[in-house]
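Trainee: Got a minute to go through a model with me? I'd like to quiz you on how the pieces fit together.

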Amino acid sequence: MPVESLFPRLEPLLPSVQKPIQYVGGELNATVKEWDEPGVPMVRWALMYPDAYEVGLPNQGVQILYEVLNEQPGVLAERTYAVWPDLEKLMRQHGIGQFTVDAHRPVAAFDLLGISFATELGYTNMLTALDLAGIPLDAADRTDEHPVVIAGGHAAFNPEPISDFLDAAVLGDGEEIVLAITEVVREWKAEGKPGGRDGLLERLAASGGVYVPKFYDVTYLSDGRIQRVAPNRAGVPWRVHKHTVMDLDKWPYPRKPLVPLAETVHERFSVEIFRGCTRGCRFCQAGMITRPVRERSISTIGDMVQTGLEESGFEEVGLLSLSSADHSEIGDIATGLADRYDGSNVSLSLPSTRVDAFNITLANELSRNGRRSGLTFAPEGGTERMRKVINKMVTEEDLIRTVATAYSNGWRQVKLYFMCGLPTETDEDVVAIADLARKVIEIGREVSGRRDIRCTVSIGGFVPKPHTPFQWAAQGDHETVDARLAKLRNAIRSDRNYGKSIGLRYHDGRPSIIEGLLSRGDRRVGAVIRTVWEQGGRFDGWSEHFSYDRWVEATEKALAGTPVDLDWYTTREREYAEVLPWDHLDSGLDRDWLWEDWQDAIDEVEVDDCRWTPCFDCGVCPQLGTEIQVGPTGQKLLPLTVVSTGAPTRG
Amino acid sequence: MERTQAPPVQKLRIRFAKRGRLRFASHRDFQRAFERALRRAGVPVAYSQGFTPHPKVSYAGAAPMGAASEAEYLEIAVTEECDPPAVSAALDAALPPGLDIVDVVVADHGSLADRLQASEWSIELPDAPFEALAAAVEAFLAEPVVEVQRMTKNGVRTLDARSAVVRMAVDPAGPTIRLAVRHQSPTVRPDDVLTGLRRLGGLRDTAHVATRLAQGPLDETAGTVGDPFTPPR
């Protein structure tokens, strides 16, 4: 039965809300399919990025799955985003449900609602969307008529805090598993939905690649630690494994990037040049859970850039990955693309923070067409000792030599990324950042002969994440973090010679504590999230909406009567033997290797990158049957004979 | 490094429409979409010189966000002589449906902006009673001055909505108000006229959609709006 568009009822409300264009859809390359196709049992996905449209639309994960699914016959995928509180209020007044932006169909009418969590701070927005959609918040209360709610994205590697609200979670790359899930749903529907909702979830769980939280029971020890996580029915595996797409050249998505009318956070065409990273930075969850490294070949990258620009009309190309300068053929890619688009107004960007001269060579090449404004490097730790703990193998000499090269090549500003609140960190480790910045300005003035060069120090609060060697670590409390940042600020401000050339950017440490609670939380944290949402918590990733006090109060209320509290989840160090909430979810990393790496961190012992040195047995490749896939292919990008689509506009 | 951009050799004038749900695009949203469409369509648009070259596009009198339009205008400079119908087809294909190219002509010597003296609007009010609307229009036209307030970024602003209205009548179909509005400073928008009508006629604040039907030279005596692509005689 066709489903009616909610747009006629939504439209009269739009003149009264901020930026209504974000709710109307109609983006270039958007797909609207018929609700039914003759002769095929349709499978319909609503894909959600649980943040505002301006943040969610450019998200690569959602765009890739949207295109992969819509290319299939008998599959329909539409997108939905978090609505701002002004529209939420009006939708409640007028009884309008959560809608997709493509055909404005009610989210409740779809078979599946897939939510991509890049960060834990989108959890409350998920609850708003479910509630607006008329889908019961508790998965246990849903019937065959409600969509199956599935989480993906990096935060789904520990979905336990939102397990009450999810029917399922998927770990890892989504391209192949969304299609596999689609087929399971199609068969189940074609057979007349045997076993109802649980029948479907059992089929998904039996594959070992879809985690269904309610098929696992968690028991606790009297001190609050987890005793055991175990399947509660036959046919459900003890562990659920992550998905890894092994040949990125076979999955060259997005081919047709979505181009919004509304202004969004990234106005460019992005190409992922490789997935995974084995640099082994111990704080970096992305680097741990996306192993092994899988490169896209130089020729596929060249083709994707060309088609993407033609299909979108974007003027900027971003070459994405976790450390883009590490692609085995990045030099040829950069030169090849710079040559191809020389003389056009296309600009290329390479988000890389590698601290070495090669990175600057690349940046010089990519900025042929434009201005040399700023370069970013990420030493992450202020002292050599700190950098050994986090396995960021950069010496002070490396950094000074690199910034000297940058300033002497005409770059005027250098941005340095650091973290605060790292394991074993002392006041000295943080205050040392000021010395480093001073030396950067000193060498910069010397090599450039100018006094107007700048250095911006940007500091993020460290949050220990699941599936990393720091998953056992105590998170720094926000009082200590704030006090260290204050000392650093004073050290920079009091410097008469250099202070004015150094900028400092940081946030207070409190939001990191809540992120820490949600990152390493277990099922008991679900009640906290629900309480915050009931008290009006929305858009927790936005400082103007986030309320630390609301989270603290909710934690006290929801965890009253349990042996655990906010500190227990955040600032408490865990022992080897403790069952962690995500231990039954397999990222491929060997738990004992992670523990050894954690011990090495405390001992300030570094570990190399397995792309260039022998395997150090992190466990991923044998556990998941994967392998490192890197070049070089030896190919080069040829100049394009036809740069534009060749529309017959010229007279 | 700064690069030299090819010089413009021709100017094209474009009439386009903003229809359906894309009436919610702001002028900035449209600008971004249009500049991308120029690249996708392969139009050899001229760029300004400098470190951050911009395509040479002059926008004139954009309709406010939320209003639809059949008559928006802009002018572009190109670095090669172009065939206007081909540009029209290619640009229209490159724009999302709802932003539609209506006509492209080679610019003559007069200024386009100077010819956009007035607009013809229709305001559809499906839930308003015709008789009450007709009475409100009569009352509005009888007033020498109709002061209305509008929220702007800089707070509440008061302006006279009456002086800009050259002609106004109600069509029972819809019902719909048809009016011609002179472009003056401060700009009087259809919403401002509607605010005045609601106050004078005691009308409820019901849903409405305003559409600009034409924009061009004003014939003061007839109260009609002409075609800005026709050079003045």
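What follows is a chat about this predicted model, going from its cores to its sheets, helices and chain contacts.

Trainee: Let's start inside. Which helix gives the most to the largest nonpolar core?
Mentor: That core has 215 residues, and A:Leu65, A:Val149 and B:Leu91 are among those with the most contacts inside it. The helix you're after supplies nine residues, and it's in chain A. It spans residues 427-448, so per the DSSP numbering it's H14(A).

Trainee: How many residues are in the other core that lies apart from it?
Mentor: Look in chain B for some of its members: B:Ile123, B:Leu133, B:Val146 and B:Val188 are among them. The core they belong to has 30 residues.

Trainee: In the open sheet of chain A, which strands stand at the edges?
Mentor: The sheet has five strands with parallel pairing, in the order S2-S1-S3-S4-S5. An edge strand has a single partner, so one of its sides is left without a neighbour in the sheet. That fits 75-81 and 168-169 of chain A, which are S2 and S5.

Trainee: And what is the bridge partner of A:Leu47 in S3(A)?
Mentor: Strand S1 of chain A covers residues 43-49, and four bridges join it in parallel to S3, residues 112-116. Within S3(A), the partner of A:Leu47 is A:Gly114.

Trainee: On to helices. Are H9(A) and H10(A) roughly parallel or roughly antiparallel?
Mentor: Residues 298-312 form H9(A) and residues 330-340 form H10(A); their axes come within 10 Å and cross at roughly 30 degrees. The contact uses A:Ile298, A:Ile301, A:Gly302 and A:Val305 on the H9(A) side, facing A:Asp332, A:Ile333, A:Gly336 and A:Leu337 on H10(A). H9(A) passes H10(A) in a right-handed crossing. Angles under 35 degrees count as roughly parallel, so these two helices are roughly parallel.

Trainee: Which element gives the largest share of the side of chain B that touches chain A?
Mentor: Across the two chains, 34 residues of B are in contact with 31 residues of A. Helix H1 (27-40) and helix H2 (84-94) of chain B each supply at least two residues of that side. The largest share is seven residues, and it comes from H1(B).

Trainee: Staying in chain B, how many residues of strand S9 are buried?
Mentor: S9(B) runs over residues 176-182 and pairs antiparallel with S5(B), residues 118-124, through seven bridges. S8(B), residues 165-171, also pairs with S9(B) in the antiparallel sense, over six bridges. S9(B) is mostly covered, and of its seven residues the buried ones number five.

Trainee: Which residue takes a positive phi in the hairpin of S8(B) and S9(B)?
Mentor: At one pairing of these strands, B:Asp171 stands opposite B:Thr176 in S9(B). The hairpin has four residues between the strands. The one with a positive phi, near 120 degrees, is B:Gly174.

Trainee: Last one: among contacts in chain B between residues at least 6 apart in sequence, what percentage join residues at least 24 apart?
Mentor: Chain B has five helices and 12 strands, and its C-alpha trace spans about 60 × 40 × 35 Å along the principal axes. Buried residues make up 39% of its 233 residues. As for those contacts, the share joining residues at least 24 apart is 73%.

Technical notes
Residues are numbered from 1 along each chain as its sequence is written. Chains are lettered from A and ligands numbered from 1 in the order in which they are written. This is a predicted model: local features need pLDDT of at least 70, side-chain atom pairs count only at pLDDT 80 or more; totals for chains, interfaces and linings use all residues. A nonpolar core is a set of buried Ala, Val, Leu, Ile, Met, Phe, Trp, Tyr and Cys residues joined through C-beta atoms within 7 Å. A residue is buried if 20 or more other C-beta atoms lie within 10 Å of its own, exposed if 12 or fewer, and partly exposed in between; C-beta atoms are placed from the backbone. Two strands pair if DSSP finds at least two bridges between them. Axes are lines fitted to C-alpha atoms, for helices over the stretch in contact, and angles run from 0 to 180 degrees between N-to-C directions. Angles under 35 degrees count as roughly parallel, over 145 as roughly antiparallel, 65 to 115 as roughly perpendicular and the rest as oblique. A crossing is left-handed if the near helix is turned anticlockwise from the far one by less than a right angle, and right-handed if clockwise. Two residues are in contact if their C-beta atoms, placed from the backbone, lie within 7 Å.
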